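This report looks at charged side-chain pairs and at one helix in the structure shown here.

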Amino acid sequence: MSAQSYRATPPCVLVFSGSDPSGGAGMQADIPAISALGAHPLSVPTALTVQDNVAVFAVHPVSPELVRHQAQVLIDRFDIAAVKLGIAGSLANAEVIADLIRQLRARSPDLPVVLDPVLANGRGDNLSKDDAARVLEPLFALATVITPNLNEARRLCGDGAPQAQAAALLQRGCANVLLKGGHGPQEQDVVNRWYGAAAADELGRWQWPRLPDEFHGSGCTLAAALSACLARGLSMQDAIVLAQRYTQHSLSCSYAIAPGQRIPDRVAIFDAA
């Protein structure tokens, strides 16, 4: 038996996100989450951050030329089954990433693109050199699904009912919106809502027990898991369900490395059946 026959080739997810030296969020969250759900992460760092599990102290965007060069080498060599977008770090980087996605879509028109619209960390520290909301503008129309939490939806769309916020994102070109309830008022349950179509129809709603702690990288985990599920060919509904189950499991198995936000355990044994 050859080494190559040990396992079937997993689908590849091209990841653009920032590096978190605390190991809780960003690229360090994306890689294990994508691997845990049966895909292979191809990682392109967009920014180097200075942060711990409480605060972001600095963000240093990678140059647009280096972002493009890293990704182009991967695109030229590997079949890309999905793209996961975290922070771009700068508007110039977002424009480069948009060009690269259009290149991939010319080859594969139905390529899934998961956009996690990270505007700040849990404390509100900025995660971009430029205005974080403006940085997202080149990417909205390329997103198969966008995954804002309630704070992000409010900043992008203003106050309003979830359906109105989803409608505003759909009008910007996003094909689907998964509006997460994990950063909202401390109600008994977390409610996640899936919207799609021009009328912003609610296509699905899920309730999860609200865990008592705060977590570092929970949004990254869900978006990365969703990209892996879509890369494997799951339908949007099935991918959303499995990604949520995996994320809730990771949070319930979280651990503390210091006072502050807990780290989701993305490699805890998980039954994906």
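## Basis and terms

A salt bridge is taken here as a side-chain nitrogen of Lys or Arg within 4 Å of a carboxyl oxygen of Asp or Glu. This is a predicted model, in which local features need pLDDT of at least 70 and side-chain atom pairs count only at pLDDT 80 or more, while totals for chains, interfaces and linings use all residues. Residues are numbered from 1 along each chain as its sequence is written, and side-chain values use heavy atoms, with hydrogens and water left out.

## Salt bridges

By this rule the count comes to seven salt bridges. One of them joins E202 to R193, with the closest N and O atoms 3.9 Å apart. Accessibility is described in three classes, buried being under 20% relative accessible area, exposed over 50%, and partly exposed in between (1.4 Å probe, protein chains only). On this scale E202 is partly exposed, with a relative accessible area of 36%, whereas R193 counts as buried at 19%.

The side chains of D213 and R262 also meet in a salt bridge, at 4.0 Å from N to O. This pair links distant parts of the chain, 49 residues apart, with D213 in the loop between β9 (201-209) and α7 (218-231) and R262 in the segment after α8 (236-252); helices (H or I, at least four residues) and strands (E, at least two) are DSSP runs, numbered from the N terminus. D213 is partly exposed at 39% relative accessible area, and R262 is likewise partly exposed, at 24%.

## A network involving helix α3

R102 and D99 form a salt bridge whose closest N and O atoms are 2.6 Å apart. Both residues lie in helix α3 (residues 91-107), where they are three residues apart, about one turn of the helix. R102 has a relative accessible area of 43% and is partly exposed, as is D99 with 34%. R68, D99 and R102 are linked in a network of salt bridges.

## Helix α2 and its two faces

The 14 residues of helix α2 (residues 64-77) should span 20 Å at 1.5 Å a residue, and the end C-alpha atoms are indeed 20 Å apart; the expected span is 1.5 Å times one less than the number of residues. The buried residues of α2 are V67, A71, L74 and I75. They cover an arc of only 100 degrees around the axis, which puts them on the same side of α2, the arc being that of the directions from the helix axis to the C-beta atoms.

The face of α2 turned away from this buried side carries the exposed residues E65, H69, D76 and R77. The cover over the buried residues includes β1 (12-19), β2 (40-51), β4 (80-85) and α3, where contact means heavy atoms within 4.5 Å.
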